[in-house]
Amino acid sequence: MASSGEFVNYVMELLAPAGRVASKRMFGGHGIYLDGLFMAIIVDDELYLKADEATKAAFDAESCAPFVYSRDGKSMTMGYRRAPGDAMEAPHLMLPWARLALQAAVRAQAAKEARVKKITRITRITRATPKKKPAARMISSRPAGKKRPM
């Protein structure tokens, strides 16, 4: 699952017209960030771009295979699609695909922030809600063993 440094550098050059590109080694491959958003992965010298429900059709139209890996003997599919072959030829051909991946990354980040905000709000509410105190015990003013007059 290793990726060569030369291929990573080439991908960064392809994506440069779309914005500020950075790479980070992870899990035997590389994660690619565009303007600070995680938008692609490189595994075995293959570029996979972030895809979601809104962009999946465009990748399907170009027969871009999803990224699949094996975990505990099961095939796991992630939300990344192989970059189209012709897009790998030149930056101007990659640009529309990079924009699609970036849009998917923006939506994913917004969804993540909304989940974190909801969890934070719920946590604040549960912490702010006072715990119920047990009911006060009634203490009799009569000495023990004395019965109430009838």
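**Close-ups of strands E1 to E4**

**View 1. Strands E3 and E4, joined antiparallel by four bridges.** This is a predicted model, and here we're looking at E3 next to E4, which covers residues 46–50. For a handy cross-strand pair, pick out Ile42, which sits opposite Leu47 in E4. The two strands make a hairpin with two residues between them. Check the backbone at Asp44 while you're here: its phi is positive, near 50°.

**View 2. Strand E3 and its surroundings.** E3 runs over residues 37–43. Buried means under 20% relative accessible area, and six of the seven residues of E3 are buried, so the strand is largely enclosed by the rest of the structure.

**View 3. Strands E2 and E3, an antiparallel pair with five bridges.** Now Ile42 turns up again, with His30 standing opposite it. E2 spans residues 29–34. Once more there's a hairpin, with two residues between E2 and E3. In that turn, Asp35 has a positive phi of about 50°.

**View 4. Strand E2 and its surroundings.** Five of the six residues of E2 are buried, so this strand too is largely enclosed by the rest of the structure.

**View 5. Strands E1 and E2, antiparallel with six bridges.** E1 takes in residues 21–26. To get your bearings, find Ser23, which faces Ile32 in E2 as its opposite number. Where does the positive phi fall in this turn? That would be Phe27, at about 50°, in a hairpin with two residues between E1 and E2.

Definitions and conventions: Residues are numbered from 1 along each chain as its sequence is written. This is a predicted model: local features need pLDDT of at least 70, side-chain atom pairs count only at pLDDT 80 or more; totals for chains, interfaces and linings use all residues. Side-chain values use heavy atoms; hydrogens and water are left out. Buried means under 20% relative accessible area, exposed over 50%, partly exposed in between (1.4 Å probe, protein chains only). Two strands pair if DSSP finds at least two bridges between them.
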